[in-house]
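Biologist: Please take a close look at one part of this model, a single helix of your choice. Then work outward to whatever ties in with it.

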Amino acid sequence: MNGNKVGCANVVDNKTNVTSISDHFASHYKVLYNSVPYSHDDMEKIAHIINERTCMAGYTEDCVITAVEVADSVKRLQTDKNDGSAGLSTNHFKFACFDLYIPISCLLSGMPVHGAVPDDFVSSTTVPIPEGSNVNFTVSDNYRGITLSSIFGKVLDLIVLMHYSDKLESSRLQFGFKAKHSTATCTMIVKEVFSYYVNNGSQVACMFLDATKAFDKLEYRKLFSLLLAPQLPPVVIRILLNMYTNQQVRVLWNGVYSNVFSVVNGVKQGGVISPVLFCLYMDELLVRLREAGVGCYVSGWFVGALAYADNLVLLAPSATAMCRLLSVCDSSTSEYNMLFNAKKSKCLIFRPMTYRSGINSVLPTFKIRGSGIENVDRWPHLGHIISRGLVGV
């Protein structure tokens with residue numbers, strides 16, 4: 001009633017059969033989600049540490065999930081969202097009576113006790129969706145995958161966030177997926193830094209870095225090594241570890257399912273807690289950028305690197321400082337599998353009037369991963385246009 005939906009194309013990458021198209025997309029996603037394999041020996045060591053901590057801590061109130069908590073998390077679910085597998089919808093949970101939440105609480109309470117995860121929690125379905133109405137529907141690169149995952153898993157994620165959000169808090173330099181934070185807040189601070197430096201007679205360089213498929217390249221070994229630090233209950237880390245390392249995904253195309261494949265990297269598709277975990281993963285880079293000792297500062301506060309999830313902005317008052325920050329990003333790429341695309345990254349330089357003439361008018365050229373980054377006069381940041389005119393230069 002609200003408009004016509006885009007139908008499925010009959011041909012994609014020269015594949016004409018519905019089954020072959022579904023399997024073709026599955027092959028594409030399988031390559032992506034198996035591109036950063038982890039060492040099983042290293043993962044076994046992490047699992048061993050978690051098990052030792054579990055034995056030392058015992059089974060406390062962290063293992064108990066009440067029906068009231070289930071009801072509270074169900075209220076936060078969006079309506080009309082399907083799981084893509086068991087035929088369940090969030091509506092089945094939201095419009096159910098309270099009695100249903102009692103057996104669900106028993107199920108969720110049993111998981112941390114036994115450390116086991118039902119198959120439904122780790123199974124998900126990816127549906128390729130065109131990235132726009134004017135794209136070529138016969139080319140697979142013009143599609144993005146929307147993943148439908150277990151409603152039970154979403155409920156568990158929400159309960160974990162309700163219990164341990166303070167232990168999953170990312171740094172002040174990260175604005176993504178936080179209460180009382182928004183894209184507008186991050187952009188406002190970027191603009192204020194411009195004004196502060198230019199009004200005090202200094203130039204400031206702003207680097208908009210594009211991280212190539214950062215969410216999909218997340219490495220599990222590094223993630224769970226980081227999760228050991230915030231002192232989350234070991235029973236919770238064990239459940240998250242099992243949910244991540246046992247993922248099974250299939251593709252749905254025009255009513256036909258593809259073959260199932262395993263996932264060994266990237267945030268858990270369709271998981272409510274996934275963006276929060278990614279922000280913790282991203283925090284390591286933000287800490288290194290702050291510890292570099294260069295970049296922009298306002299009233300003693302480091303504001304040389306600001307992030308909204310994987311959207312990273314670097315701010316520096318000199319070319320030397322910016323090169324140092326870019327060097328930190330370069331050195332972290334191999335360790336965190338976070339590759340920055342120079343072609344999609346842009347640099348915007350703000351200068352006071354004194355820089356408009358002479359040798360100071362020449363704009364420096366910055367590089368990342370050996371490739372030059374284009375200088376621009378304006379660029380969109382988190383849906384907001386930033387241009388030199390914002391500070392009157």
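Modeller: The answer below starts with one helix and then moves to its surroundings.

This is a predicted model, in which local features need pLDDT of at least 70, side-chain atom pairs count only at pLDDT 80 or more, and totals for chains, interfaces and linings use all residues. Residues are numbered from 1 along each chain as its sequence is written, and side-chain values use heavy atoms, with hydrogens and water left out.

Take helix H10, residues 234–245. Helices here are DSSP runs of H or I with at least four residues, strands are runs of E with at least two, and both are numbered from the N terminus. H10 has 12 residues. Its first and last C-alpha atoms are 16 Å apart, close to the 16 Å expected at 1.5 Å a residue. That expected span is 1.5 Å times one less than the number of residues.

H10 is mostly covered, with 11 of its 12 residues buried. Buried means under 20% relative accessible area, exposed means over 50%, and partly exposed lies in between (1.4 Å probe, protein chains only). The buried stretch starts with Pro234, Val235, Val236 and Ile237. Arg238, Ile239, Leu240 and Leu241 are buried too. So are Asn242, Met243 and Tyr244.

What do these buried residues pack against? They meet six helices: H2 (40–57), H5, H6 (119–122), H7 (151–164), H9 (220–227) and H11 (274–291).

Start with H2. Thr54 lies in that helix. Thr54 is buried, at 3% relative accessible area. Beyond its neighbours within four places in sequence, Thr54 is in contact (heavy atoms within 4.5 Å) with Tyr59, Pro234, Val235 and Arg238. Pro234, Val235 and Arg238 are among the buried residues of H10. Pro233 also belongs in this picture: the C-alpha atoms of Thr54 and Pro233 are 7.9 Å apart, yet the two are 179 residues apart in sequence.

H2 also has a charged link to H9. Asp42 forms a salt bridge with Arg221, with the closest N and O atoms 4.0 Å apart. Asp42 lies in H2 and Arg221 in H9, so this pair ties together parts that are 179 residues apart in sequence. A salt bridge here is a side-chain nitrogen of Lys or Arg within 4 Å of a carboxyl oxygen of Asp or Glu. Side chains of opposite charge can pair when their charged atoms come close. Asp42 is partly exposed, at 27%. Arg221 is partly exposed as well, at 25%.

Arg221 has another partner. It forms a salt bridge with Glu219, at 3.1 Å between the closest N and O atoms. Glu219 is buried, with 7% relative accessible area. Asp42, Glu219 and Arg221 are thus linked in a network of salt bridges.

The whole structure has 4 salt bridges. One of them joins Glu169 and Lys178, at 4.0 Å from N to O. Glu169 is partly exposed, at 48%. Lys178 is buried, at 15%. Next to Lys178 in numbering is Phe177, in the loop between H7 and helix H8 (183–199). Phe177 has a phi near 55°, a positive value in a residue other than glycine. Phe177 is partly exposed, at 45%.

H5 is another packing partner of H10. It spans residues 101–114 and holds Ile102. Ile102 is partly exposed, at 42%. Together with Val68 and Phe98, Ile102 makes a nonpolar surface patch of about 260 Å². Patches take residues with over 30% relative accessible area and no salt bridge; like charges are joined within 9 Å, and nonpolar side chains (Val, Leu, Ile, Met, Phe, Trp, Tyr) within 5 Å. Areas come from the Shrake-Rupley method with a 1.4 Å probe, and for residues only the protein chains shown count as cover.

Finally, the strands. Strand S1 covers residues 123–130 and includes Thr125. Thr125 is buried, at 0% relative accessible area. A polar atom of its side chain lies 2.6 Å from the backbone oxygen of Gly84. Beyond four places in sequence, the contacts of Thr125 include Gly84, Ser85, Ile146, Arg250, Leu252 and Tyr257. Asn254 sits in the loop between strand S4 (248–253) and strand S5 (256–257). Its phi is near 50°, again positive in a residue other than glycine. Asn254 is partly exposed, at 48%.

Methods
A polar contact is a pair of N or O atoms within 3.5 Å; within protein, one must be able to donate a hydrogen and the other to accept it, and residues adjacent in sequence count only if both atoms are side-chain atoms.
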